[in-house]
Amino acid sequence: MGKCIVNCAVTGAIHVPSMTPYLPITPEQIAAEAVAAAEAGAATVHLHARDPITGEPTMDLGLFQEFCGRSIGGATR
């Protein structure tokens with residue numbers, strides 16, 4: 001069996017909650033799913049921030065800082 005690197009795209013880039021009830025949208029949910037992906041074997045995670053109310057994609061730096069800060073070191077804080 002060959003080696004592979006598993007990358008998990010936790011939120012996807014364009015997805016919204018109306019597409020699936022499983023889409024994490026709050027910083028807490030995104031961090032928890034990123035940690036779960038790492039614990040399941042993902043070598044990397046690819047994350048996009050979501051507006052915590054609408055679930056729509058956002059480039060809000062504060063939201064990125066929230067979920068990245070929670071998942072540093074492979075465990076939520």
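This report describes the overall fold of a predicted model and the packing of its two helices.

## Overall architecture

The protein contains two helices and four strands, and these elements follow one another from the N terminus in the order β-α-β-β-β-α. Its radius of gyration is 13 Å, close to the 11 Å that the globule rule gives for 77 residues, so the protein is as compact as a globular protein of that length.

Along its principal axes, the C-alpha trace spans about 45 × 30 × 20 Å. Of the 77 residues in the protein, 30% are buried. Among contacts with a separation of 6 or more, 61% are made by residues 24 or more positions apart.

## Geometry of the helix pair

Two packed helices are described by the angle between their axes and by the distance between those axes. Here, helix α1 covers residues 27-39 and helix α2 covers residues 61-70, and their axes come within 8 Å of each other while crossing at roughly 40 degrees. The two helices are therefore oblique to each other, and the crossing in which α1 passes α2 is right-handed.

## Residues at the helix contact

On the α1 side, the contact is formed by Pro27, Glu28, Ile30 and Ala31, which meet Leu63, Glu66, Phe67 and Arg70 of α2. Sorted by class, the contact of α1 with α2 has five nonpolar residues and three charged residues, with no polar residues. The charged residues are Glu28 in α1 together with Glu66 and Arg70 in α2, whereas Pro27, Ile30 and Ala31 in α1 and Leu63 and Phe67 in α2 count as nonpolar.

Methods. Residues are numbered from 1 along each chain as its sequence is written. This is a predicted model: local features need pLDDT of at least 70, side-chain atom pairs count only at pLDDT 80 or more; totals for chains, interfaces and linings use all residues. Side-chain values use heavy atoms; hydrogens and water are left out. Axes are lines fitted to C-alpha atoms, for helices over the stretch in contact, and angles run from 0 to 180 degrees between N-to-C directions. Angles under 35 degrees count as roughly parallel, over 145 as roughly antiparallel, 65 to 115 as roughly perpendicular and the rest as oblique. A crossing is left-handed if the near helix is turned anticlockwise from the far one by less than a right angle, and right-handed if clockwise. Contact means heavy atoms within 4.5 Å. The radius of gyration is taken over C-alpha atoms; the globule rule is 2.2 Å times the number of residues to the power 0.38. Buried means under 20% relative accessible area, exposed over 50%, partly exposed in between (1.4 Å probe, protein chains only).
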